[in-house]
Amino acid sequence: MKTKVFKSVLPLLVMILAIGLSFATQSPTVDQLGYFQNSLSEWQSIVVGPECGLTGDEPCLYMDKQLYTQPDIDSPAFLKNH
Amino acid sequence: MSYQRKHTVQIIITNFLALLFIFLFSYAALSKLISYSVFKDQLTQVPFLAFAAPFLVWAIPGVELLVVVLLLWPSLRRWGIFSFLGLMLMFTGYLVYTVYFSPYTPCSCGGIISGMSWRSHILFNLLFILLAVLALLLEPTKSLEK
């Protein structure tokens, strides 16, 4: 009986716990988009990770291009901490 | 330590490690499915994976859940540990590529793990690779279990 619990029930409980935890720890933040100019100077957008924000000591880059908050070179640039 | 006692300790350790792997992959798969659109966007940003992103966005959590099923089934556990090890090696290879060779590092991990830096994530994966190898070494063979 003890072996049965250990081999069958416990793994299922662990799986259910992990599923519950994945819902509980899901970040409610909305995706943020970053904009960069491609080689033809056209604006393109990508999803920016949570490491990029408006404060930091180094630029957030994509393919060596600075990411901006808007498709406008005068808009705030995304930065990240080292 | 007697042979019987050593065998019992081996079983306890492998069962504990299997529970740990079940927990990690269930959590990782569900986190990806919950944040489906973010995960898809991030896969699209990886140059060599972009073409397969619509497929991978379902295939990766699907394979992770399949490994969980293998780990849940006692007679298939050894295959489950092998599959777990294979996936962890592939994922670690992807992380190493992203950190050291990719022009951009998207965050493609959900939940608590997204709080880790990429280098910490590589160390985290290496730890689980070592644990999977340990589980394979300690997993009792069929003849010993009878």
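Biologist: In this predicted model, how much area does chain A expose, and what percentage of it do carbon and sulfur atoms supply?
Modeller: The model is a prediction, and its totals for chains use all residues. Chain A exposes about 5500 Å², of which the share supplied by carbon and sulfur atoms is 61%.

Biologist: Which pattern does chain A follow when read along the sequence?
Modeller: Chain A has 1 helix and 6 strands. Read along the sequence, these elements give the pattern α-β-β-β-β-β-β.

Biologist: Is Ser75(A) buried or exposed?
Modeller: Ser75(A) sits in the loop between strand 5 (65-66) and strand 6 (79-80) of chain A. Its relative accessibility is 10%, and the cut-off for burial is under 20%. Ser75(A) therefore counts as buried.

Biologist: From which residue does the backbone oxygen lie 3.2 Å from a polar atom of the side chain of Ser75(A)?
Modeller: Leaving aside neighbours within four places in sequence, Ser75(A) is in contact with Tyr68(A), Thr69(A) and Gln70(A). The backbone oxygen lying 3.2 Å from a polar atom of the Ser75(A) side chain belongs to Gln70(A).

Biologist: Why does Leu76(B) count as partly exposed?
Modeller: Leu76(B) lies in the loop between helix 3 (53-72) and helix 4 (77-100) of chain B. Partly exposed residues fall between the limits of 20% and 50%, so Leu76(B) belongs to that class with a relative accessibility of 33%.

Biologist: What accessible area does the nonpolar patch that includes Leu76(B) have?
Modeller: On the surface, Leu76(B) forms this patch with Val69(B), Trp73(B), Trp79(B) and Phe82(B). Together, these five residues have an accessible area of about 560 Å².

Conventions
Residues are numbered from 1 along each chain as its sequence is written. Chains are lettered from A and ligands numbered from 1 in the order in which they are written. This is a predicted model: local features need pLDDT of at least 70, side-chain atom pairs count only at pLDDT 80 or more; totals for chains, interfaces and linings use all residues. Side-chain values use heavy atoms; hydrogens and water are left out. Patches are made of residues with over 30% relative accessible area and no salt bridge: like charges are joined within 9 Å, nonpolar side chains (Val, Leu, Ile, Met, Phe, Trp, Tyr) within 5 Å. Accessible areas come from the Shrake-Rupley method with a 1.4 Å probe; for residues, only the protein chains shown count as cover. A salt bridge is a side-chain nitrogen of Lys or Arg within 4 Å of a carboxyl oxygen of Asp or Glu. Helices (H or I, at least four residues) and strands (E, at least two) are DSSP runs, numbered from the N terminus. Buried means under 20% relative accessible area, exposed over 50%, partly exposed in between (1.4 Å probe, protein chains only). A polar contact is a pair of N or O atoms within 3.5 Å; within protein, one must be able to donate a hydrogen and the other to accept it, and residues adjacent in sequence count only if both atoms are side-chain atoms. Contact means heavy atoms within 4.5 Å.
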